[in-house]
Structures are given as C-alpha cells and as structure tokens.
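Hi,

Here is the structure I promised to pass on to you. Have a look at it first, and my notes on what turned up follow below.

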Amino acid sequence: MRAHEAGALHGEIGRTGPAWLRTPADVNELMTPLWPRTAAKDEAGLLHVGGLDVASLAQEFGTPAFVLDEEDFRARCRDFKQAFEGAHVYYAGKAFLCRAVVRILVDEEMHLDVCSGGELATALAAGMDPARIALHGNNKSVRELTRAVEAGVGRIVVDSFDEIERLAAVARERGVRPRVMIRVTVGVEAHTHEFIATAHEDQKFGFSLAGGTAFEAARRILAQDALELRGLHSHIGSQIFDTSGFEVSARRVLSLHDRIRTELGAELPELDLGGGFGIAYTSQDTPSPAGDLAKRMFKIVEDECRGLGIAQPHLSIEPGRAIVGPSTFTLYEVGTVKPLDGLRTYVSVDGGMSDNIRTALYDASYSATLASRASQAEPILARVVGKHCEAGDVVVKDEFLPADVRPGDLIAVPGTGAYCRSMASNYNHVPRPPVVAVRDGQARVIVRRETEDDLLALDVG
C-alpha cells in the first residue's frame, strides 16, 4: 500500500485508540518504566527530575526543551558495562551525541561508535580516546576515512569493496595499518520477532553472507597487508525485546568466522553483535534488563563456539537508544486544545515533527503526561500534535490526558532521548530546541536553543 503524502496518520478520523491503550485509573500517575529514574510527581502533580521541577525548567530555559537526566544516563552506561563485563560496550552516537555526552562516556569508560565525519569530530573535540572509537557508515568518504586513520580510531567497520580499496590506499599513503571489521548482512530481521533468511539482505548495509560477498571481503583484506582484519560485525535491527534474533545472527556470523579460519587460515579475535536493544515507549513495550541480555548473549556465543570447536572471539555490543532513550523527555507547552466530538481531543504543543520526526517517519508510538499540575478531571482520549503546517505533524498518536487540559499547561513526552534531537530539523524555519541536563538540583544547557539569527546566518542569499 502506498503511503499518503500527508503522513501515516492522514484520514484516521474515527479511531478510538489502539487496543493496548487502557483508560487509566489515575490520569496523573506516571508509568515509571517510561521515565528517567529520578522522575516523579509531587502532591500537586508537578513533575520533578534531577531534583528540579519542570515549571522552573520551562521558565528558565523555555519550551520545547529536551531534558536529560544525567544520573539516569550514567546509570544506564554502568548497567551495560557491568552486565557485559569483559566485553566492549560501544555507545551508538547516532542516537544522540554532543560534547557533554562524550565527556560522560569518557568518565564512564565507555567506547563510542560514530558513523560520520561530524560525529567523529564531536568525539575527538570532547576528548574521547581515538582507540576507543569505531567508525561505521555505508558510504564513508575518502576525507572521513583519512581523518579516522590519521586520528588513530580503534576500528573501522568496512561496508563495501569500494571502501576496502579506498581505505587501503589511505593507509598505504600514511604508512599505517588500521584495524577493520567486516559488516555482515546475515539475513535476520529482528522486528516483530520475524526471522527471514533472504529478504532482508536487500538493503544498503554490509556484505551479504548468503551471496558470498562477506567471505570475499575477508579474502581480499587478508590478501594484502594494508589493513588488519580484526573480526566480523552484525547488526540486525532496532527495538529488539529478546535475544532470539541475536541467536540466529550469532550462529550465522560465527559460521562465517569458522569458514575464514578454516579456508583462509585467520583466527579473527573479535565479534560485534551490534545493538538495537529496545526501550519502553508505551505500556505495550517490555524491554529486557541489561543483565538478562548479557546472560543470554554470552551463552549464545559460548554455545555456538563450543559447537564449532573454536575459541570465543572477544564480544562487543553497541547500545544507544537503550542508554539515552529513557534518560530524556521532551517538555512542551500547550497552545491550543481542539475537541472533536465523539472522537478525540487534539492538543497542540509548541514543538512537533521538527523535534520528533519518528511518529511521522516510523509510525512510532509515544506516551505523554500533564506535567505542571494535578487534575481531578476525567481522562479523555487525546492526540498531541505539533505546530507545523503538516497533517502528519503528530507527536503522540493516542494518549489519555485530563479533560481539563488547557493552554499554558506543560506536557511531557518520555523516551525522546534517542533519534529525536539527532534527527531534528528546521521545518517551517522553526529553531531546534535545547538539551538541558539535570543532576542533583543543578541544570545546565549542553546543546543550546537555536535562534532565528542562527537560521539567518546560514542564509547567504
């Protein structure tokens, strides 16, 4: 079916909400799994996080604003580090990256995965040890590869035969031998627990396992001395809630690992099973704790290696969303409220698809709460929408809010730390919101709000 150009939600008038959405007994209550660990409401219904209330944050920093709970972010880094002890934990910078985040990663002794020259520049500017950086990307430019080699990044995940040639040429010119991994497309689709053997190799990323190009990539790298092949890399998707997909992926990629050992004589020391660990956006999501993921994934690798009779390669993983996603929420102010009799109420806020494109782009689901006060009114089915000139400008498709929600109220949307600010735009020439980090009663801007002067500064006409 062809998507409507106005957006996935166009023409859905008459819906009564998804089957999983239940009318809450208390519309003021927070569903704690969706929120940062320090988030709570006081007796007046005012949302607090990091020792600060959102009304004060809105007054000082304005709305919309991304509010990042720094203690929560750090705790999630530690959770993965402790759970995957002995493995390398790479934070996936594409989820959200800025210099302050990089400095936190340095403090927490994390590794960092970047996938563009800009992300690499941010990592280096903030003091990340290049040896702890991995560079991804399906179309890395010569300039990006050159900068990575000159900086001494720990590994480059190669994605095509063209890139192997480019990188080898850069390495020879500089007399260095960068470490590389091969991104392998293993034909596993983790979304909705479907595991399809061939169809999902039809994508832009990686070397095909079934088609033989992954093995050929290994043969070409090992046949020359410009690059050091360290291992294989596999990434099977996003919002993964169990390890079944990783089991299929590990089995297939370790089979290739064994073939490279047997036929090419190379015992590769590393294996990266990627990221994509899911988080809770709504009550229907049930993510696994880091400890459970680690226990199962270590066992998967151990069992497969034992079955193949090979030594276990050193494991790496790449959580991004699972660390930053729940640590952050977006704070909005309500501007207009428009009831549609018998359907739902449209609650318009001062942001929208320019700060959260995921609802329109992926048909993603979010939750929301009235954050500035308590209400005794009955719950009503609401749709939180933005201010942009677009029918598909929806932030939260379906949520129960108090019937007396009104202009001036603050609405908070949890789970917006990943792929919201990093995918933000200036649609309708709307400046992008700031990111405000809170911790122990202190707030600091880590990415400032854009201004109209910023927009005009780029307009040289």
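The buried residues of α9 pack against two helices, α2 (70–83) and α8 (244–264), and two strands, β12 (270–272) and β13 (314–317). Please keep in mind that this is a predicted model.

On the inward side, the buried residues of α9 are Ala290, Leu293, Ala294, Met297, Ile300, Val301, Glu304 and Cys305. They cover an arc of only 135° around the axis, so they sit on the same side of α9. The general background is familiar: an α-helix has 3.6 residues a turn, so residues three or four places apart point the same way. Turned away from that buried side is a face with the exposed residues Lys295, Arg306 and Gly307.

I also checked the length of α9. It runs over residues 290–308, and at 1.5 Å a residue its 19 residues should span 27 Å; the end C-alpha atoms are 27 Å apart, which agrees. Just after α9 comes Gly309, with a positive phi of about 70°.

Now for the nonpolar cores. The largest has 105 residues, and the members that touch the most others are Phe73, Phe80, Tyr91, Phe96 and Ile182. What does Phe80 touch, leaving aside residues up to four places away in sequence? Its partners are Val89, Phe277, Ala290, Leu293, Ile317, Pro319, Ala322 and Ile323. Two of these names, Ala290 and Leu293, will be familiar from the buried residues of α9. A second core, separate from this one, has 21 residues, including Val49, Val54, Phe329 and Ala371.

Finally, some backbone details you may want to look at yourself. Most residues other than glycine have a negative phi, and most peptide bonds are trans. Here are the exceptions I noted:

- The peptide bond from Thr63 to Pro64 is cis, with omega near -5°. Pro64 belongs to the loop between α1 (54–61) and β4 (65–69).
- Glu109 is not a glycine, yet its phi is positive, near 60°. This residue lies in the loop that links α3 (99–107) and β6 (111–114), and it is exposed, with a relative accessible area of 52%.
- Asp363 likewise has a positive phi near 60° without being a glycine. Its place is the loop between α11 (358–362) and β16 (369–370). Asp363 is partly exposed, at a relative accessible area of 39%.

Best wishes

Key. Residues numbered from 1 in each chain as written. Predicted model: local features only at pLDDT ≥ 70, side-chain atom pairs only at ≥ 80, totals over all residues. Heavy atoms only, no water. Helix = DSSP H or I, 4+ residues; strand = E, 2+ residues; numbered from the N terminus. Expected span 1.5 Å × (residues − 1). Buried < 20%, exposed > 50% of the residue type's maximum accessible area, 1.4 Å probe, protein only. Arc of directions from axis to C-beta. Contact = heavy atoms within 4.5 Å. Core = buried A, V, L, I, M, F, W, Y, C linked by side-chain atoms within 4.5 Å.
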